[in-house]
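Got the viewer open? Let's take a short walk through some side chains, one selection at a time.

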Amino acid sequence: AGVACSGEEIVVPLVAEGLAGVAGMDFVVSFDPTILAPEGTVAGPAASDFVLRSTTGESEIRIVLSAPVATDSAGGVVAEIRFRVVDPDATLIPVG
């Protein structure tokens with residue numbers, strides 16, 4: 001947990017548990033575009049064998065992770081989303 005101010009970058013981890021036997025995942029993450037601007041999405045350590053594809057809409061990010069074979073990972077951070085705080089009136093944005 002923490003705070004971020006206007007202009008700062010934050011990284012939001014996407015955590016999934018119970019991944020053993022999983023070869024594909026998809027997530028939709030919503031955000032307020034008046035406060036946050038997405039800057040990128042990367043696969044996390046728990047999805048190192050997965051291919052990540054993401055598309056960004058006006059107020060949501062769709063993330064698809066796929067692997068040629070099922071993982072034996074118990075879980076953890078499967079993706080990290082980078083946002084920039086864009087609200088000029090934001091002095092402190094709670095994160096976490």
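Start by selecting R62: with a relative accessibility of 40%, R62 is partly exposed. Keep in mind that you're looking at a predicted model.

Now add D26. Its side chain and that of R62 form a salt bridge, 3.1 Å from N to O. The two partners come from distant parts of the chain: D26 sits in strand β3 (residues 24-30) and R62 in strand β6 (residues 60-66), 36 residues apart. D26 is also partly exposed, at 44% relative accessibility.

Stay with R62 and bring up T55, which has R62 among its contacts, along with E60 and I61, once neighbours within four places in sequence are set aside. T55 belongs to strand β5 (residues 51-56). Is T55 buried or exposed? T55 is exposed, because its relative accessible area is 51% and the cut-off is over 50%.

Next stop, R84. Show E39 with it, and you'll find a salt bridge at 3.3 Å, N to O. This pair also links distant parts of the chain, with E39 in strand β4 (residues 36-43) and R84 in strand β7, 45 residues apart. E39 is partly exposed at 36% relative accessible area, and R84 is partly exposed at 27%.

Leave R84 on screen and select E9: these two form a salt bridge as well, with their closest N and O atoms 3.8 Å apart. Here the link runs from strand β7 (residues 75-85) to E9 in strand β2 (residues 9-17), 75 residues apart.

To finish, select E9, E39, R82 and R84 together: salt bridges with shared partners join them into one network. The structure has 4 salt bridges.

Note on methods: Residues numbered from 1 in each chain as written. Predicted model: local features only at pLDDT ≥ 70, side-chain atom pairs only at ≥ 80, totals over all residues. Heavy atoms only, no water. Helix = DSSP H or I, 4+ residues; strand = E, 2+ residues; numbered from the N terminus. Buried < 20%, exposed > 50% of the residue type's maximum accessible area, 1.4 Å probe, protein only. Contact = heavy atoms within 4.5 Å.
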